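Open your viewer and keep the selection box handy. We will go from stop to stop, with something to pick out at each one.

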Amino acid sequence: MPKDLGVTVDPETKSKKHLIEFSLKGYVKATNVYVVGDFSCWFPGAYPMKLEGETWRLTLPFYPGEYLYAFMIEGYKWISDPKNPLKTRNAYGRECSVLQVSKSLLDAKCFEGDGKIVLEGLYHDQTPIFLDVDDKLAHIKFRAKRNDITRATLIIADRKGGTKKKEKMQKFWQNKFFEYYEATIAVPKRRGAQYFFEVEDKRTIAYYSASGASLQREEVTGFELDNTYSQSFRVPKWVRNAVFYQIFPERFYNGDKGNDPPGVCRWGEKPTRRNFFGGDLKGIIDKLDYIASLGVDALYLTPVFCSKTNHKYDVQDYFNIDPHFGDNETLKLLVKEARRKGIRIVLDAVFNHSSDDFWAFRDVREKGRNSAYKDWYFIRKFPVRKRRFLEKLLRFLPLPPKWRFRLMMKFPPSYETFAGVSFMPKLNMLNPETAEYFMRVAEYWIEEADIDGWRFDVAFGVPLEFWKKLRKRLKALKPEVYMLAEFGNHNSDPSMWVGEAFDAIMNYGLRQAILDFVVFERIRAEEFHERLMRFKALLPRKSLFVMYNLLGSHDTPRILTLCKGDINKVKLAVFLQMTLPGAPAIYYGDEIGLEGGGDPDCRRTMPWNPKDWNNEILEYHKKLIQIRKQNKALTHGEFEAILIDNEKNVYAFKRIYEDHEALALINNGDQEFLFTVKTEKQFNDALTNEPFKPKKGKVIVKLKPKEAVLLLPITRIISDKT
Ligand SMILES: [Ca+2]
Ligand SMILES: [Ca+2]
């Protein structure tokens, strides 16, 4: 059973978390034992344990709640906690253990209206998750036990504790144990304002303040409103306005036939795991006009550094562009030419593992235990052995992927790898020398080519401490650099990662919610809304506006293919992607209706003959991007659901920023639906320009099944033109 070492208060943030000690006896010969869980995408690497005597141990801080975890020996052998009788299965069906942090609080019985309040359940701290304050507004979140209180109020006080202002808090999300509230207030001009919380349950009043929870008003010590810690978390401003376009360079456009790898396939042939087509950086430069015509203003390129494979996720040389893609000068030219069109560049950093031909690993292979770089990796046994035979065998054996994976895991090479792949040895970022080398890589391309950000591959496979240090260094070098983490598992909890280490994650959680709601029709409006609110509760508010909101990537089947060719579904998915908070990210080709199943089929060559394009999908993308660019409500606006109808499967929400407003109505049901919007304003359908005039204080909008409209107030459109 993990041991609860009690509540710890972080001196910097004053956040109160429980220190939980995980332990596992035995496996003393293993190079590593990792804790994995829904807080690490179930991936080994982020949380390595330390061997003390015969027991592996690791202590991690958690907010109260329920978490799932397991142990992974050397990154390939999975076991649930033998000492913990509480077991379940995770989303992948694997047996895992259940960690209950602050069990007495989770178990505490509570009722709304019984006049009792569970004081231990009340919570707020000044981490970016609970507090986001700028010069004008403060957005404040608060937590209480589920179904315990009838009202939560935010109180602004002066330095002496006198009440200045009261604001009713809105409940926006609940899980099994807690409910979450929020309020937004104007920051008083005079410095020294403080705040605290007042909650009520049938005439019983309780308070929550910097001195904790109390029934006594005298015991309240307010939180300082101009909190420097939450303000120290900044995200790049440009990402709020950005629309990303992801390019897999090998498949986008062949701009220089002179640098093609030998034996390239004809453009348009079927992609396999091993074939090449000759796409390169010059090809991206040549197509910048096309990219700009879409309205996108940021590119995310999958890896471009020296590597043997077509995807280049096994890097041999982190300081040089792959010769089949061009050279370092080509990258600099791309950054320069793109910038002239207002387009920024984000590159892909693969720091979880290197290629087996990376110089450090070659040295280990050659010199064995005498190599000065043996601690850059996790070597189980010398000499280093690759397991070539099994991999060659698997190349000809038509086994299903699950069985291949099991076989690979059963017979691992003599070192830790990425997912059992022997040409991707796992790097040891706990070794300060290794960490320093890769921090320099990340700095180098910002200094040398002036790139605007990094997407970090398998971020959850590398210890969090590495990312926190890297964040400090990169933000010091270029404050507006975008730090984006791959976070592959949509059920996982990214709250440990975003805020302290990353600006945002690849939002596979939103992707899955949109697919489940619109494409697969597995969930209805209420659950769709719940899923959106979950991230709002778990993540810093600032991050929500810079999340990388994708419908597909080089790792997933394409959206049109998932929709089985149903263009109305594609449009509805794109509509949500373009109107919800966060930066939309288009996977190259999705905008012209390129099809493709799972990897490698999702990495087809981009067709350049417009006759092969689906113009309806293309125009829909362009139009929505243009609307998004012209309306700050969509890039900066607060999000508020205004209709959640589970029966009709209809959803509607508002986005509001200062005097900008947008209203999104979505009919995901199978019947026509009449929306009635109470308003005195005249609205325009942003996509068709059809006007809606209010009659007797309301506007009625008729939507066909799988149809959505975006309404913008006419006043807004007129003022945009003047
Ligand atoms: Ca109660
Ligand atoms: Ca080429």
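Start with helix H13 and colour its buried residues: Ala525, Phe528, His529, Leu532, Met533, Phe535, Lys536, Ala537 and Leu538. The model you are looking at is predicted. H13 covers residues 525–538, and its 14 residues reach 20 Å from first C-alpha to last, close to the 20 Å expected at 1.5 Å a residue. While the helix is on screen, recall that an α-helix has 3.6 residues a turn, so residues three or four places apart point the same way.

Next, select helix H16, residues 567–579. Its 13 residues reach 18 Å, close to the 18 Å expected. How many of the residues of H16 are buried? The count is 11 of 13, so this helix is mostly covered. Among the buried ones are Lys569, Leu572, Phe575 and Met578. Now add aspartate 566, which caps the N-terminal end of H16: one of its side-chain oxygens lies 3.0 Å from the backbone nitrogen of asparagine 568.

Zoom out for the domains. The domain assignment gives five entries: domain 1 (3–104), domain 2 (119–232), domain 3 (249–352 + 438–460 + 477–632), domain 4 (359–425) and domain 5 (638–721). Try a distance between the C-alpha centres of domain 2 and domain 4; they lie 52 Å apart.

Now for the metals. Select the calcium ion (ligand 1) and show its donors: Phe111 (O), Asp114 (OD), Lys116 (O), Asp148 (O), Asp148 (OD) and Asp201 (OD), at 2.2 to 2.5 Å. The angles among the six donor atoms run from 68 to 157 degrees, and the site is irregular. In sequence, the donor residues follow the spacing F-x2-D-x1-K-x31-D-x52-D. Two of them, lysine 116 and aspartate 201, link distant parts of the chain, 85 residues apart. Lysine 116 sits in the loop between helix H1 and strand S10, and aspartate 201 is in strand S16. Are these two buried or exposed? Lysine 116 is exposed at 60% relative accessible area, whereas aspartate 201 is buried at 0%.

Move on to the calcium ion (ligand 2). Its donors are Asn254 (OD1), Asp256 (O), Asn259 (OD1), Asp260 (OD), Gly278 (O) and Asp280 (OD), at 2.3 to 2.5 Å. This site is also irregular, with angles of 65 to 166 degrees among six donor atoms. Two of the donor residues to check for burial are glycine 278, at 0% relative accessible area, and aspartate 280, at 0%.

Select serine 354 in the loop between strand S24 and helix H7. Serine 354 is buried, with 0% relative accessible area. Its side chain makes a polar contact of 2.7 Å with that of tyrosine 377. Serine 354 also touches other residues, including Val315, Tyr318, Phe423 and Leu427.

Finish with some backbone details. Most residues other than glycine have a negative phi, and most peptide bonds are trans. Here, a cis peptide bond joins phenylalanine 382 and proline 383, with omega about -5 degrees; another cis bond joins aspartate 599 and proline 600, with omega about 10 degrees. Glutamate 74, in the loop between strands S6 and S7, has a positive phi of about 50 degrees and is buried at 9%. Asparagine 649 lies in the loop between strands S32 and S33, with phi near 60 degrees, and is buried at 6%.

Terms used:
Residues numbered from 1 in each chain as written. Chains lettered and ligands numbered in written order. Predicted model: local features only at pLDDT ≥ 70, side-chain atom pairs only at ≥ 80, totals over all residues. Heavy atoms only, no water. Helix = DSSP H or I, 4+ residues; strand = E, 2+ residues; numbered from the N terminus. Expected span 1.5 Å × (residues − 1). Buried < 20%, exposed > 50% of the residue type's maximum accessible area, 1.4 Å probe, protein only. Polar contact = N/O pair within 3.5 Å; in protein donor to acceptor, adjacent residues only side chain to side chain. Domains from an automatic or database assignment. Donors = N, O, S within 2.8 Å, 3.2 Å for Na, K, Ca; no water. Tetrahedral: all angles 85-135°; square planar, octahedral: opposite > 155°, others 65-115°. Contact = heavy atoms within 4.5 Å.
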